[in-house]
Structure formats: C-alpha cells, structure tokens
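I opened a fresh page for this structure and wanted to look it up piece by piece, keeping only what I could check.

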Amino acid sequence: MVTPKPRSAEYFDGWYADKAASPLVNEIQNRHLGLPPAALAGVVAAEGIDEIAGELRLRPGEVLLDLACGRAWYGLEIAGRTGARLIGVDFSAEAVRQAAGQARLRDREAEFRTGDLTASGLPDGSVNAVLCTDSIQFPEEPGAAYRELRRVLVPGGRAVLTGWEPVEPGDERLSPRMRHVDFGAGLRAAGFTEVEVRDRPRWRARELALWQEAAALDPGADPALRSFHDEAVRSLATFAALRRVLAAGTAP
C-alpha cells in the first residue's frame with residue numbers, strides 16, 4: 001500500500017480557521033481532557049502538562065521550542081509555568097497567526113514563525129528544550145524530524161514528544177504512516193541519550209470518551225464539526241491498536 005502524503009499547510013490553514021469559527025469543538029475537547037474552557041489545545045490531557053514541563057527541565061530565561069505548535073496552547077502554558085522564553089514553529093500560517101493572538105491575550109512574550117518539522121529555520125544549538133505534541137509522525141521521512149530536534153538543541157537539552165505507537169508494530173489495521181511509529185528508536189537513531197518512552201493509559205481513557213462523544217454528534221453543515229466527527233470515527237475504528245505515549249531524550 002502506498003503511504004498517503006501528509007496534508008498540506010494550506011489544508012491546515014483552512015482547518016484552523018474553521019476551528020476558530022466553531023467553539024463547540026474546543027468545548028468538547030476541553031471538557032473531556034480536563035482543560036480550562038478557554039484552552040485552544042490538542043488532545044494531551046491536563047494531567048500531562050506538569051509531567052511534560054518536568055521532563056523538559058527548563059529554567060527561567062531558557063528557550064523552549066514548540067515544534068509543530070499549532071495554536072501553541074501547550075507551549076504557552078509550559079513557558080508560563082517554567083519562566084522559559086517560547087518560540088513556536090508551525091507550517092500553517094493560520095496556526096501561527098492564532099498562536100500569536102493567544103500570546104497577546106495571555107500577555108505572554110513569545111515568537112512565532114512558519115517552518116517545518118524537519119526544517120524549523122532555527123540555528124544549530126539555539127534552544128534548551130523542544131516540545132512536539134502529537135506530530136512527529138507526519139513527515140514523509142520521520143527520521144529527519146528527530147534529527148532536527150537534536151540539531152537545534154544545546155548539549156544537554158531535552159526533547160519531549162507525545163503521540164501514539166502501535167500496540168503491535170506493523171498492524172495493518174493502521175495507516176501505513178502509523179504502523180511503525182517508534183519514539184524510542186527515532187530518538188536513539190538521532191543520537192539522543194537517556195531515552196524513555198512511557199505509556200499514558202489515563203490520557204488514552206480521556207481520548208476514548210472524547211472520540212465517543214464526537215462520533216455521536218450531528219455535525220450538520222459546520223466544517224469544523226464535520227472534521228471533528230470524521231476524525232473521531234477514524235480514531236475509534238483503530239483505538240485498540242494504538243497506545244498513548246510520552247517520550248523524552250537528552251541531546252548529547
């Protein structure tokens with residue numbers, strides 16, 4: 001089977017614009033994930049934020065790169081808790097625009113720019129930590145994204161990733177892109193040390209309830225609700241084949 005190409009930046013420009021016009025999607029997500037009502041977040045549960053912040057090992061004034069930041073809610077939240085300076089990078093110009101707007105609303109200093117998971121545009125060794133939530137599997141060559149994490153980190157800097165791995169590698173129920181996701185192998189191949197990958201079943205349980213509600217709703221003509229509903233149906237079809245993970249490693 002041929003692996004489908006990742007969706008384009010233009011696709012996600014429209015996707016983020018639709019979400020901004022349809023607050024019900026955020027309401028459902030935040031309620032199930034335990035996040036504040038105003039959060040513009042992904043599907044990492046509230047209890048994961050302190051854990052992620054701890055794994056990043058940031059000190060006040062250090063630089064956090066939120067790679068594939070989307071609307072950067074997690075990056076902004078963690079930077080606020082740790083006193084770090086945030087740089088957010090995403091290939092969607094609309095996501096970057098909304099992220100900058102969120103920083104202004106929260107009175108947070110942050111820099112946002114367009115860039116790719118495999119080519120952030122940042123100099124070598126320019127950040128102290130990198131966060132990448134639920135996105136590392138998207139590039140056509142995922143290994144290039146892991147190498148980009150290491151390239152931009154200072155020695156001793158931390159990379160923290162969230163996402164999903166197959167319970168059984170190669171499971172043909174999954175898309176070709178998801179069948180062989182392996183955070184530990186990716187980090188080690190890029191030269192990271194102190195690599196740990198941990199299951200997060202409580203996050204997964206929250207996701208299950210989220211997708212069940214989304215799959216049951218009638219999206220009508222709302223494009224954001226239609227996308228949300230369709231993603232829920234796809235996610236439930238392979239839910240048992242994936243495990244939720246948090247991964248971390250240290251740049252040598």
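The entries below go from the sheet to the helices around it, and then to a few single residues.

**Entry 1, the sheet.** I noted at the start that this is a predicted model. I looked up the order of the strands and found that seven of them form an open sheet, arranged β3-β2-β1-β4-β5-β7-β6, with mixed pairing. The edges of this sheet are β3 and β6 (193-199), each of which pairs on one side only. I also wrote down the turn between neighbouring strands, which is 15° on average when direction is ignored. Against the sheet packs α5, which touches β2 and β3 and whose direction makes about 170° with that of β3. Helix α6 (residues 142-152) packs on the sheet as well, where it touches β1, β4 (127-133) and β5 (153-166), and its direction makes about 155° with that of β5.

**Entry 2, from β1 to β3.** I then followed the chain through three of the strands. Strand β1 (residues 63-67) and β2 run parallel and are joined by five bridges, and within this part I found L65 standing opposite I87 of β2. To get from β1 to β2 the chain passes through helix α4 (residues 73-82), and this β-α-β crossover is right-handed. Between β2 and strand β3 (residues 110-114) there are five bridges, and these two strands run parallel; here D90 has T114 in β3 as its bridge partner. The chain crosses from β2 to β3 through helix α5 (residues 93-105), in a β-α-β crossover that is right-handed. Is β2 enclosed or open to the outside? Strand β2 (residues 85-90) is largely enclosed by the rest of the structure, because five of its six residues are buried.

**Entry 3, the core.** I looked for the largest nonpolar core and found that it has 76 residues, with I52, L64, L65, I78, F112, L149 and F192 as those with the most contacts inside it. I chose L64 for a closer look and, leaving aside neighbours within four places in sequence, listed its contacts, among them I78, A79, L86, I87, V130 and L131.

**Entry 4, helix α4 and its neighbour.** My next question was how much of α4 is enclosed. Eight of its ten residues are buried, so α4 is largely enclosed by the rest of the structure; the buried ones are W73, Y74, G75, L76, E77, I78, A79 and T82. When I looked up what covers them, I found that the cover includes α3, β1, β2, α5, β3 and β4. Helix α3 (residues 47-56) packs with α4 at an angle of about 65°, their axes being 10 Å apart, and the crossing is right-handed. On the α3 side the contact is made by I49, D50, I52, A53 and L56, and on the α4 side by W73, Y74, E77, I78, R81 and T82. After α4 comes G83, which has a positive phi near 80°.

**Entry 5, helix α2.** In helix α2 (residues 23-33) I marked V25, N26, I28, Q29, N30, H32 and L33 as buried. The cover over these residues includes α1 (9-20), α3, α8 and α9 (223-237). This helix is followed by G34, a residue whose phi is positive and near 75°.

**Entry 6, a buried glutamate.** I looked up E207, which has its place in helix α8 (residues 201-216). With a relative accessibility of 1%, E207 counts as buried, because the cut-off for that is under 20%. Not counting residues up to four places away in sequence, E207 touches V43, W164, F239 and R244. I also noted that the C-alpha atoms of E207 and A237 are separated by 13 Å, the two residues being 30 apart along the chain.

**Entry 7, positive phi outside glycine.** Most residues other than glycine have a negative phi, so I kept a note of exceptions. A72 has a positive phi near 65°, lies in the loop between β1 and α4, and counts as buried at 1% relative accessibility. E194 is not a glycine either, yet its phi is positive at about 50°; this residue is found in strand β6 and, at 47% relative accessibility, counts as partly exposed.

Conventions: Residues are numbered from 1 along each chain as its sequence is written. This is a predicted model: local features need pLDDT of at least 70, side-chain atom pairs count only at pLDDT 80 or more; totals for chains, interfaces and linings use all residues. Side-chain values use heavy atoms; hydrogens and water are left out. A nonpolar core is a set of buried Ala, Val, Leu, Ile, Met, Phe, Trp, Tyr and Cys residues joined through side-chain atoms within 4.5 Å. Buried means under 20% relative accessible area, exposed over 50%, partly exposed in between (1.4 Å probe, protein chains only). Contact means heavy atoms within 4.5 Å. Helices (H or I, at least four residues) and strands (E, at least two) are DSSP runs, numbered from the N terminus. Two strands pair if DSSP finds at least two bridges between them. A crossover is right-handed if, with the strands pointing away from the viewer, the path from the first strand over the helix to the second runs clockwise. Axes are lines fitted to C-alpha atoms, for helices over the stretch in contact, and angles run from 0 to 180 degrees between N-to-C directions. A crossing is left-handed if the near helix is turned anticlockwise from the far one by less than a right angle, and right-handed if clockwise.
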